[in-house]
Each structure stands twice: as structure tokens, then as C-alpha cells.
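Please work through the following exercises with the structure open beside you, trying each task before reading its solution.

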Amino acid sequence: MRLRSFLLAGGLLAAGLGGAYAAEDIFDLSPEQPGRIHVAADPALAAKLPAAFTWAVPGSFTVAVAAAGEPPLGTYATDAATVVGADPDIASLVAEKLGLQLNLVPVAWADWPLGLTSGKYDAVISNVGVTEERKLKFDFSTYRQGLHGFFVVTDSPIKSLKEPKDVAGLKIATSSGTIQDRIINEWSKENVAAGLAASDILYYEDTPAALLAIQSGRVDAIFNVNSIFTYQALKTGAIHQVGTVNAGWPNTTEVGITTRRDSGLAPVLTEALNAVIADGSYARTLERWHLTPEAVETAKTNPPGLPKY
């Protein structure tokens with residue numbers, strides 16, 4: 001699910017693809033976040049938090065989020081200091097439901113495992129997919145599907161890309177060494193085995209490069225992180241989505257709040273997530289960030305994750 005970090009404001013405008021809308025026309029990227037969804041505390045649920053747990057900051061829910069990326073998951077606000085996005089909003093819902101003060105800590109993606117295991121923060125809410133390997137060290141409370149999307153230019157004759165045969169013979173842009181790279185290569189192999197044409201897979205490691213490639217006709221479609229490219233579709237008007245694939249293909253996997261294994265937090269966080277799912281605040285939060293298709297019906301603790309490939 002990795003996509004090399006690229007701050008939108010400089011990159012897309014330099015590429016000549018960002019003039020259609022200002023970022024704030026699509027999402028509220030202000031530090032004040034007046035549209036953030038809020039919930040009331042549930043004292044009975046808060047009482048279930050493990051008494052023996054050592055909080056990074058007493059009385060607060062300290063959550064790490066990788067903020068150097070693009071909307072809508074986690075990014076810096078217009079003040080270049082406040083962390084905003086869908087993941088911070090999920091953190092806010094859970095903290096409020098448990099009656100805790102939210103303490104958001106921006107981190108580099110590569111640093112979250114060590115920081116979490118050392119107790120520097122209580123949880124990570126930053127698009128961390130559930131994998132069997134990660135479950136050896138961490139617990140998960142799932143809050144979103146991990147989706148990858150196919151995107152084409154607005155006037156493309158391609159209307160749907162949802163299964164292997166749909167991409168036979170097409171030039172597909174993706175990021176190397178990622179889950180989406182594995183999936184598209186497996187699809188291409190399946191097609192060849194079935195007597196269909198292989199896909200021509202081309203690698204672009206940042207968003208503007210992939211957008212330029214599809215705009216110039218060098219590729220037929222982009223296959224990458226659904227949330228990021230949904231934002232680009234809204235931002236530029238140059239592309240639109242024609243299909244999604246779960247990151248766990250051929251199975252299903254989800255993204256979860258990540259905590260230290262056996263810390264006792266995960267079951268309570270899962271219950272808090274199910275409470276905000278039930279009261280509708282979760283759905284309103286995802287809608288706010290154009291992530292409704294990635295919603296889960298029920299949060300789960302440590303469901304089956306991606307196997308190690």
C-alpha cells in the first residue's frame with residue numbers, strides 16, 4: 001500500500017495537472033477542522049480500558065500518523081503544522097468515545113513499528129494493513145477496507161477494470177514492490193496461462209509521474225492506492241475510477257488501528273469503533289473524506305491478514 005510521499009501542492013501544479021480546483025475546494029485542509037465529526041464519551045466503554053496499560057501521555061490517547069503524504073488519509077493542514085485527514089478523524093472519534101484527549105504525533109512511515117513497540121505512542125492510525133507477519137508483534141482493530149483502484153482518463157473507452165481478463169494487453173502504471181504491483185503481476189500471469197495477452201506493467205514512483213504518463217497516453221490505466229487517486233480524480237478532473245480490488249486479493253484484508261500485541265487496548269478500540277459505526281459518525285467521517293466505498297460494516301480484532309509473500 002506504499003506510495004512514495006509527494007506533497008500535492010508543489011507536485012501537481014508543477015506538472016500542470018492541478019489547476020482545476022484548489023485542495024480546500026474538495027476537502028477542508030484548515031487546521032481548525034470545523035467540519036470534523038464529534039461524539040460523546042461512553043464512560044462504560046472507557047471503564048473497559050486496561051488498568052495496567054502505561055499510556056505514552058497519561059490521560060491522552062497518543063496516536064502516530066504518517067503525515068507527509070497526500071489527502072485524504074493523512075497530511076499537513078494549510079498551516080503546514082497540524083495533521084488532518086481521514087485517519088486523524090478516526091483517531092478523534094475513538095479518543096472522544098473513550099473520554100481521552102487526542103494527542104496526534106506525526107511520524108515517518110518507516111518509524112512507526114519501533115515507536116509503537118517502545119511505547120512512544122499508544123497506537124498507530126495510518127493506513128496500516130493487517131498482515132499475518134505484523135500480527136506477530138501488533139494487534140489490530142479494523143476500521144477500513146484496503147482498496148486499490150483502477151483509474152483512466154475521462155475520455156477513455158475503458159469502462160470497467162475489475163478482474164484479470166479486463167487488463168489483458170493493457171499498459172498499466174503502478175508502484176514497484178507494492179501490494180498493487182503483486183496483484184497486477186498475478187493478474188497478468190493468469191491471463192497468459194489462459195491464453196490472453198500479458199499486461200505491460202510500467203512503474204512510476206510518485207503521483208505526478210503516473211498522472212503525466214496516463215495523460216500523455218503512455219499507459220492505459222493507473223492501478224494504485226484508491227484513496228489517493230480518488231482525490232486526484234476530484235482534484236484534476238483528468239481521471240476517473242473504473243474499478244477497485246481489495247488489497248488482499250484473492251482474499252479480503254482491512255486496515256486497522258495498530259497497537260502493541262497483548263496490550264489489552266485492541267478489544268476496547270474495536271468496541272469503540274463499532275460504537276461509532278452504530279451511531280453513524282463513522283459513516284459521516286468517511287463521507288467527509290470521500291472514502292465511503294472503503295467502509296467496513298463491523299470492526300474486528302485481529303482478523304485474517306495478508307500472508308507473507
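**Exercise 1.** Determine how H4 and H10 pack in this predicted model, and which residues make the contact.

*Solution.* Begin with the axes, which lie 10 Å apart and form an angle of about 160°. Angles over 145 degrees count as roughly antiparallel, and H4 and H10 are therefore roughly antiparallel to each other. Next, take the handedness of the crossing, which is right-handed for H4 and H10. The contact itself is made by Asp 89, Ile 90 and Leu 93 on the side of H4, and by Ser 281, Tyr 282, Thr 285 and Arg 288 on the side of H10. Sorted by class, the contact of H4 with H10 comprises 3 nonpolar, 2 polar and 2 charged residues.

**Exercise 2.** Find the largest nonpolar core and the elements that give two or more residues to this core.

*Solution.* The largest nonpolar core has 40 residues, and those with the most contacts inside it are Phe 61, Val 94, Leu 98, Ile 125 and Ile 257. Two or more residues each come from strands E1 (60-66) and E12 (254-260), and from helices H4 (86-97), H9 (265-278) and H10 (281-288). A second core, separate from this one, has 19 residues, among them Leu 161, Ile 184, Ala 221 and Trp 249. Returning to Leu 98, and leaving aside residues up to four places away in sequence, one finds that Leu 98 touches Leu 45, Ala 46, Leu 49, Val 268, Leu 269 and Ala 272.

**Exercise 3.** Establish how many residues of helix H8 are buried, and what follows the helix.

*Solution.* Of the 11 residues in H8 (residues 226-236), 10 are buried, and the helix is thus mostly covered. The buried residues include Phe 229, Tyr 231 and Lys 235. After H8 comes Gly 237, which has a positive phi, near 70°.

Key
Residues numbered from 1 in each chain as written. Predicted model: local features only at pLDDT ≥ 70, side-chain atom pairs only at ≥ 80, totals over all residues. Heavy atoms only, no water. Core = buried A, V, L, I, M, F, W, Y, C linked by side-chain atoms within 4.5 Å. Buried < 20%, exposed > 50% of the residue type's maximum accessible area, 1.4 Å probe, protein only. Helix = DSSP H or I, 4+ residues; strand = E, 2+ residues; numbered from the N terminus. Contact = heavy atoms within 4.5 Å. Axes fitted to C-alpha atoms, helices over the stretch in contact; angles between N-to-C directions. Parallel < 35°, antiparallel > 145°, perpendicular 65-115°, else oblique. Left-handed = near helix turned anticlockwise from the far one by under 90°. Nonpolar A, V, L, I, M, F, W, Y, C, P; charged D, E, K, R; others polar.
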